[in-house]
Amino acid sequence: MSVITNPSTAEVPVRTRIWCTVPMVVCASFACLAQVSFASQQYAQDSAPYLWMIACVLVAIPSGLILLARNSYPQAVFWTACLLVVALPYDSLIALMALTSLLARRQGTKVTLRSVLAAATTTIWSQVRDALHPAEASIWHAIFSKPYTGVRYGNTMVMLVDERTIIASAVVVALIAVAIATLAGLHIRSRALARVAEAKAQSANEQVSRLRTTLDNQQLADAIAAEAHDTLAHSLSLLALNASALQAESRKLKAEAEQLGNANVAGMAGKIAGTTEDIRRQASGALDEAHSVIDMLRHPEDARLQLAANDAEASLTRDSLLQLIGDARAANMRIDTWIDVQQLGQLDESIGVIAYHVVQEGLTNVRRHAPGAPVSLQVDANPPQGVHVHVSNPTMPQSPSHMADTRKGPVFLVWPNAYSRLAEHANTVLTNITSSTLMYDYHGLGEHRTQP
């Protein structure tokens, strides 16, 4: 049984299982059939009231089916059941079942009082009406009659109590039945509300746990950021400072060697100055990246916005590629390009976004790991054949060990995707993306293919 509350309409929707609904429908129809069958015994078979009793029997057979709608329309089902019991010679069991369903699904005070009063009146009317029928046509008379008496035994029915006792017993039983139905409905409602309260408390506890975890993570990130700022950033600053000092000394040594005419020392000093300049530049770049990482740790929400991919701008079009290449050239990159894009309207949008990010990542890695190296970029896009992106430098690798050396050999650019898998035997990355496959083959700086 699943429970959902809606405070605005004072509803407590309770969905009961089929094993509970079937007995209710059967018992309600049977009770109605039983009372109308007894009531028909007082009429002759060729009389108009007897035909009316036959019509009531036909209605009583499917009458219990109205309880199937008690989950969605409990009020309508209840008032319909009360109307059937009052207008037709039916037993009040169907109205009591509808009362229980209504009280379980509606928690308004006015609805509760009104429905209980209506159910009590209907039930008393039904039972007293049966008690006032002749002895042969009354269930209550059959209960208080002497055994083996009545028309079926060929004699007159003998009553063990008087009529007032029978009527009083019918009223008392009716009130007890109403009380039982009311308590059952209130019990189901209270149990449902308890489950809702438990679910809300559990949700609140989970929210508190999530907030506590988030707070702990943020405190850890702040501590890491503070430690990185105090150690890593400070060390990188000292490295850049020492590199600048070494560069200045190397230039001074070169100038003095040139004045003394010592070409060897001057050449070595010049190489040292160049190397220290690279070290200083790389240290400065690493310091900037360290500060970026520290800012991300301190402001995770801003970092998520910065790292979120903007697929609207990352589309494979000639204009977007030219803009990306222009930005790379503005950063002093030497790029030779060959771009052949056709029928882009037929290209899967997700494949175009992937190809754009492949080009972007390749150029970014070249700028970071092989500054100053010339780059060849080839982009071929033809939807029937797929998209081919080829990023390479003039030097071909001799062994996989060159992938770790950005100064002596080419850089192997691995597409940074969580779904990528590096095949050890072929140096190939395969990525399943919608209906296409992205292949990243080792060739120079890396070759990327998307094929259907």
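Start with the whole chain: of its 452 residues, 36% count as buried. The model is predicted. Colour by secondary structure, and 12 helices and seven strands appear. Now show the surface. The chain exposes about 26,200 Å², and carbon and sulfur atoms supply 60% of that area. Turn on contacts next. Take those between residues at least 6 apart in sequence: 65% of them join residues at least 24 apart.

**Stop one: the largest core**

Select Leu 67, Phe 78, Tyr 90, Ile 94, Ala 98 and Leu 99. These residues have the most contacts inside the largest nonpolar core, which has 32 residues. Which helices each supply at least two residues of this core? Select α1 (18-39), α2 (48-63), α3 (74-87), α4 (93-105), α5 (109-132) and α7 (163-230) to see them. Keep α4 highlighted. The largest share of the core, eight residues, comes from α4.

**Stop two: Leu 99**

Centre on Leu 99. What does Leu 99 touch, leaving out residues up to four places away in sequence? Its partners are Phe 78, Ser 115, Val 116, Ala 119, Val 178, Ala 181 and Thr 182.

**Stop three: a second core**

Move along the chain and select Leu 316, Ile 351, Tyr 356 and Val 366. They are among the 25 residues of a second core, separate from the other one.

**Stop four: aromatic pairs**

The structure holds two aromatic pairs. Select Phe 78 and Trp 79 for one of them. Their ring centres are 5.1 Å apart and their planes meet at 70°, so this pair is edge-to-face. Are these two residues buried or exposed? Phe 78 has 0% relative accessibility, so it counts as buried. Trp 79 has a relative accessible area of 41%, so it is partly exposed.

Now select Trp 140 and Phe 144. Here the ring centres lie 6.3 Å apart, with the planes at 20°, so the pair is stacked. Trp 140 counts as buried, because its relative accessibility is 9% and the limit for buried is under 20%.

**Last stop: a surface patch**

Return to the surface and select Ile 18, Trp 19, Val 22 and Val 26. Together they make a nonpolar surface patch of about 460 Å². Zoom in on Trp 19, which lies in helix α1. Is Trp 19 buried or exposed? Its relative accessibility is 62%, so Trp 19 counts as exposed. Helix α1 has already appeared on this tour: it also supplies at least two residues of the largest core.

Note on methods
Residues are numbered from 1 along each chain as its sequence is written. This is a predicted model: local features need pLDDT of at least 70, side-chain atom pairs count only at pLDDT 80 or more; totals for chains, interfaces and linings use all residues. Side-chain values use heavy atoms; hydrogens and water are left out. A nonpolar core is a set of buried Ala, Val, Leu, Ile, Met, Phe, Trp, Tyr and Cys residues joined through side-chain atoms within 4.5 Å. Buried means under 20% relative accessible area, exposed over 50%, partly exposed in between (1.4 Å probe, protein chains only). Helices (H or I, at least four residues) and strands (E, at least two) are DSSP runs, numbered from the N terminus. Contact means heavy atoms within 4.5 Å. Accessible areas come from the Shrake-Rupley method with a 1.4 Å probe; for residues, only the protein chains shown count as cover. Rings of Phe, Tyr and Trp (its six-membered ring) pair if their centres lie within 6.5 Å; planes under 30 degrees apart count as stacked, over 60 as edge-to-face and the rest as tilted. Patches are made of residues with over 30% relative accessible area and no salt bridge: like charges are joined within 9 Å, nonpolar side chains (Val, Leu, Ile, Met, Phe, Trp, Tyr) within 5 Å. A salt bridge is a side-chain nitrogen of Lys or Arg within 4 Å of a carboxyl oxygen of Asp or Glu.
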